[in-house]
Amino acid sequence: LSGGDCAVVSKLMTDLETAGEFTTPVALREAAAKFMSARRVTEAERMETMRQIYADYSYMLCPHTAIAVRSAFTDVRSGVLSGMCLCLATATPAKFEPAVRKAGITDDIPQPASWSSLCSAEERDKRMAKGQDWEAMLIDSIKAMA
């Protein structure tokens with residue numbers, strides 16, 4: 001979005017760190033607006049969407065995905081989006097059981113099969129120093145796991 005202008009990104013991050021906020025430059029907003037939109041969703045709307053999708057499709061949404069689905073519904077109804085819209089689930093609802101229960105869904109929450117092994121899995125992390133090539137480190141880590 002910034003055209004590779006590190007100074008723009010650095011200023012935004014510095015402003016956020018020092019003032020707790022930043023103002024996005026107009027050119028950056030215009031570039032982002034070509035393929036992104038933003039919408040505010042209240043907690044009540046999020047919970048309603050989680051209930052509605054579960055009631056209509058027997059599909060449990062995590063709270064973050066519910067926000068995306070609600071935003072898409074709103075954009076389709078208002079004409080901002082036309083045609084098909086695809087929302088990808090960002091997490092399993094099992095990770096957010098309190099939010100699922102708060103939305104009024106009382107059925108069992110499916111636990112991913114892979115979760116049982118996570119509890120006993122070794123924790124790993126990789127420390128990196130400032131200036132190290134994080135992309136190369138990531139690629140090396142993925143290759144080591146394959």
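**Reading an all-helix chain: a tutorial dialogue**

Me: How many helices and strands does the chain have?

Reply: The chain has seven helices and zero strands, where helices (H or I, at least four residues) and strands (E, at least two) are DSSP runs numbered from the N terminus. Along the sequence the pattern therefore reads α-α-α-α-α-α-α. This is a predicted model, in which local features need pLDDT of at least 70 and side-chain atom pairs count only at pLDDT 80 or more, while totals for chains, interfaces and linings use all residues. Residues are numbered from 1 along each chain as its sequence is written, and side-chain values use heavy atoms, with hydrogens and water left out.

Me: What is the radius of gyration of the chain, and what does the globule rule give for 146 residues?

Reply: The radius of gyration is taken over C-alpha atoms, and the globule rule is 2.2 Å times the number of residues to the power 0.38. Here the radius of gyration is 20 Å, well over the 15 Å that the rule gives for 146 residues, so the chain is more spread out than a compact globule. Taken along the principal axes, the C-alpha atoms fill a box of roughly 50 × 45 × 30 Å.

Me: How do I read burial, and what percentage of the residues count as buried?

Reply: Buried means under 20% relative accessible area, exposed over 50%, and partly exposed in between (1.4 Å probe, protein chains only). Of the 146 residues of the chain, 21% count as buried.

Me: Where is Ala-103 found, and which residues does it touch?

Reply: Ala-103 is found in the loop between helix 5 (97-102) and helix 6 (115-118), and it counts as buried because its relative accessibility is 0%. A contact means heavy atoms within 4.5 Å, and, not counting residues up to four places away in sequence, Ala-103 touches Met-47, Met-50 and Arg-51. Ala-103 and Tyr-54 are 49 residues apart in sequence, and their C-alpha atoms are 10 Å apart in space. For the chain, among contacts between residues at least 6 apart in sequence, 44% join residues at least 24 apart.

Me: What is a salt bridge, and how many does the structure hold?

Reply: Side chains of opposite charge can pair when their charged atoms come close. A salt bridge is a side-chain nitrogen of Lys or Arg within 4 Å of a carboxyl oxygen of Asp or Glu, and the structure holds eight salt bridges.

Me: Which parts of the chain does the pair of Arg-39 and Asp-75 link?

Reply: The side chains of Arg-39 and Asp-75 meet in a salt bridge, at 2.3 Å from N to O. This pair links distant parts of the chain, 36 residues apart, with Arg-39 in the loop between helix 2 (26-33) and helix 3 (43-57) and Asp-75 in helix 4 (residues 63-78). Arg-39 counts as partly exposed at 38% relative accessibility, whereas Asp-75 counts as buried at 5%.

Me: Which residue forms a salt bridge with Glu-48, and which one forms a salt bridge with Arg-127?

Reply: Glu-48 forms a salt bridge with Arg-70, the closest N and O atoms being 3.7 Å apart. That pair also links distant parts of the chain, Glu-48 in helix 3 and Arg-70 in helix 4, 22 residues apart. Glu-48 is partly exposed, with a relative accessible area of 39%, while Arg-70 is buried, with 13%. Arg-127 forms a salt bridge with Asp-125, the closest N and O atoms being 3.1 Å apart, and both of these residues are exposed. Salt bridges that share partners also join Glu-43, Arg-46 and Lys-102 into one network.
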